[in-house]
Amino acid sequence: MTDNWHLFGQEFTSRLLLGTALYPSPQVMQQAITASGAEIITVSLRRQALGTEQNTFWNMIKELGLQLLPNTAGCHSTQEAVTLAKMAREVFETNWIKLEVIGDDYNLQPDPFLLVEAADLLVKDGFHVLPYCTDDLILCQRLLDIGCEVLMPWGAPIGTGKGLLNPYALEVLRNRFPEIPMIIDAGLGRPSHACLAMEMGMDGVLLNTAVAKAHLPVMMARGFQDAVKAGRQGFLSGIMPERALAKPSTPTIGQPFWKQENY
Amino acid sequence: MKVAILGGGLMGRLIALAFNDLKAELTLFEKKTLDHKGNTASIAAAMLAPESESVHMPTELLPMADRAIERWSDILKQLGIPHALHRQGSLIICHPQDKHELTDFIQRIPRQNKSHPLNEQTLYEMEPGLAKGLEGCLVTGEGHLDNDVFLERTTQWLYEHVHVFEKAEVVQTFQNRVHWLEVSGQAKQSAFDWIIDCRGIGAKVEYQSLRGVRGEIIRIRAPHVNLIRPVRLLHPRYPLYIVPKPDHRFVIGATEIETESQAPITVRSVLELLSAAYSVSDGFAEAQVEAMQVGLRPAFSDHRPKVSVHEQVIRVNGLYRHGFLLGPAIAESVFKVIQNPIESIEGGYVEHLA
């Protein structure tokens with residue numbers, strides 16, 4: 001059974017999206033990305049965009065031959081994000097953009113109001129916008145209303161590694177927008193976090209710090225790849241419902257009586 | 001034996017010093033002048049911190065770093081400036097809310113017996129110049145050196161012992177000949193037995209994968225702050241180091257940005273570096289900012305330095321953040337190559353030569 005998925009008309013096998021920042025070296029970054037099997041990789045250009053035409057680090061990323069997803073990390077205003085997105089389109093020759101508009105410097109929480117405003121401008125300008133958003137249902141609805149085709153709600157604030165802080169809200173989003181590609185972006189620290197997200201029926205997960213800052217990034221990249229596959233297979237194959245009463249997997253022949261808890 | 005050294009930065013100087021015993025006839029070509037303040041060796045904080053740099057350096061290079069630190073002691077004695085070396089250890093500190101950063105950092109220290117935890121009180125007793133309320137650890141065996149003193153002294157030494165061509169831009173090396181342009185624009189060439197290329201990012205054209213990693217630092221003079229050890233502040237977003245220099249001067253650094261732009265430091269970087277420094281000691285509030293500098297660290301994709309040998313040309317490059325930490329050991333390796341010539345090493349790792 002093929003389980004490929006599609007984003008903006010492109011078909012992908014891997015459901016793990018990986019960032020390119022914070023690795024010990026570009027070589028380790030390249031090895032980790034290869035080990036993860038990721039086909040979509042994010043790239044930041046905010047602080048690097050200081051006016052040089054050739055950037056060897058960007059060239060190393062381009063050489064991987066994967067779908068690049070530039071981001072607007074660190075932008076605090078609509079104008080800043082839109083300008084950076086346009087710059088990214090030229091530099092990386094893609095109209096894909098991971099849209100981040102930060103509303104709070106401490107926990108890097110997205111500003112939902114400016115995010116919708118910036119997404120609206122970028123969608124109208126022909127961008128394929130992947131909005132980094134909170135797990136708020138109404139915010140996600142507004143993003144879809146203005147033409148976003150993908151949602152990227154957070155699991156937890158960027159770089160915290162806290163996992164899925166609000167599984168209820170994420171489940172609501174999944175149930176309300178079953179046809180919309182949904183990628184959990186940010187806050188995942190362990191492979192099990194990624195596995196849980198995939199078990200929920202998310203279409204993919206995006207992470208960076210958990211792999212890049214691991215003591216052995218390449219091994220961790222493999223770990224996340226396996227976790228994403230495990231979670232996806234769990235979701236597809238039908239996870240058993242939880243029960244209060246223990247149910248033995250071995251037939252209980254010879255015990256004909258109805259058992260109840262003792263009161 | 002006639003030896004040409006291309007580049008008068010840290011590596012060029014260390015190689016010249018290493019070759020002194022060989023009684024070779026040395027010629028050094030420097031694109032700018034030897035006292036130019038904008039070269040990487042001058043901008044660097046010159047920390048000697050093999051454990052603390054382990055996040056940025058493959059652990060296989062640790063023995064080389066140990067050897068280099070020992071060599072520094074000899075080199076500075078040879079130059080008559082032994083006081084330029086400081087080895088009282090270095091401090092790793094954090095604010096209480098970032099303690100997880102400290103835990104993570106300590107876990108990554110390769111030789112755990114070098115790390116000694118410090119609580120608020122013991123840290124303050126060790127460095128009273130620091131703000132109260134910080135925690136951290138002391139990493140023994142580490143230190144720093146006064147690079148300005150070293151550079152001044154070696155400039156003088158080079159003038160005395162080496163044929164120095166300043167403002168001489170090397171345009172190419174062909175077989176055993178160096179072709180260069182003098183400041184007048186006149187093209188010249190000369191033959192050598194060995195050519196040692198230490199031009200750092202200036203030799204980028206010779207490599208496919210060499211890149212410059214931008215670093216920004218701020219030099220301040222803070223008469224009210226006393227620190228004797230390099231201090232690294234761990235912070236999720238604004239990590240920095242503060243390295244003491246003579247006469248209450250400090251180097252605060254350094255950003256690490258993947259660009260080869262040498263445009264002046266950005267406001268964002270200034271705010272980050274200075275506000276983080278101020279959080280370490282409020283005495284920095286009254287400091288005078290003496291310089292804000294930008295440099296490019298030459299780095300290969302694996303962040304290891306490389307020595308390559310092709311016929312009579314030896315190229316040394318990719319020292320990244322670790323010029324002072326590894327430089328003397330690399331100079332020794334180059335010296336060994338010349339004593340026992342190897343026909344060709346393509347992009348060989350220096351540890352294989354050591």
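Buried area is the accessible area, taken with a 1.4 Å probe, that two parts lose on being put together, summed over both. With that in hand, let us walk through this predicted model, starting inside chain B and then moving out to its partner.

Chain B is assigned two domains: domain 1 covers 2–68 + 147–209 + 301–353, and domain 2 covers 90–140 + 211–299. Their C-alpha centres are 28 Å apart. Where they meet, domain 1 of chain B and domain 2 of chain B bury about 2,500 Å² between them, and carbon and sulfur atoms account for 54% of that. On the domain 1 side, the residues that lose the most area to domain 2 are Ile43(B), Glu51(B) and Tyr320(B), together 26% of what that side buries. As for residues in contact, domain 1 of chain B brings 32 and domain 2 of chain B brings 29.

What about the polar side of this domain interface? Five salt bridges are found across it. If you would like one to look at up close, Glu256(B) forms a salt bridge with Arg321(B), with the closest N and O atoms 2.7 Å apart. Between domain 1 of chain B and domain 2 of chain B there are also 16 residue pairs in polar contact, both residues being at pLDDT 80 or more. On the domain 1 side, the elements giving two or more residues to this surface are helix H2 (40–43), helix H3 (62–78) and helix H6 (147–161) of chain B. H2(B) has the largest share, with three residues. Sorted by class, the domain 1 side that touches domain 2 has 12 nonpolar, 13 polar and seven charged residues.

Now we can turn to the place where chain B meets chain A. This contact takes 23 residues from chain B and 21 residues from chain A. The two chains bury about 1,800 Å² between them, 50% of it on carbon and sulfur atoms. Arg237(B), Glu258(B) and Arg268(B) supply 29% of the area that chain B buries against chain A, more than any other three residues. The count of salt bridges between chain B and chain A is zero, while nine residue pairs across this interface are in polar contact, with both residues at pLDDT 80 or more. Helix H4 (99–108), E14 and H7 of chain B each give two or more residues to the side that touches chain A. By class, that side of chain B has three nonpolar, nine polar and 11 charged residues.

One residue from that trio is worth a pause. Glu258(B) sits in the loop between strand E17 (249–253) and helix H7 (267–280) of chain B. Its relative accessibility is 14%, so Glu258(B) counts as buried, the cut-off for buried being under 20%. The side chain of Glu258(B) makes a polar contact with the side chain of Arg211(B), at 2.8 Å.

Our last stop is in chain A, at helix H1 (residues 26–36). The buried residues of this helix are Pro26(A), Val28(A), Met29(A), Ala32(A), Ile33(A), Ala35(A) and Ser36(A). Their cover includes elements of chain A, among them strand E3 (16–18), strand E4 (40–44) and helix H9 (217–237), together with strand E14 (211–221) of chain B. After H1(A) comes Gly37(A), whose phi is positive, near 75 degrees.

Methods. Residues numbered from 1 in each chain as written. Chains lettered and ligands numbered in written order. Predicted model: local features only at pLDDT ≥ 70, side-chain atom pairs only at ≥ 80, totals over all residues. Heavy atoms only, no water. Domains from an automatic or database assignment. Contact = heavy atoms within 4.5 Å. Salt bridge = Lys/Arg side-chain N within 4 Å of Asp/Glu carboxyl O. Polar contact = N/O pair within 3.5 Å; in protein donor to acceptor, adjacent residues only side chain to side chain. Helix = DSSP H or I, 4+ residues; strand = E, 2+ residues; numbered from the N terminus. Nonpolar A, V, L, I, M, F, W, Y, C, P; charged D, E, K, R; others polar. Buried < 20%, exposed > 50% of the residue type's maximum accessible area, 1.4 Å probe, protein only.
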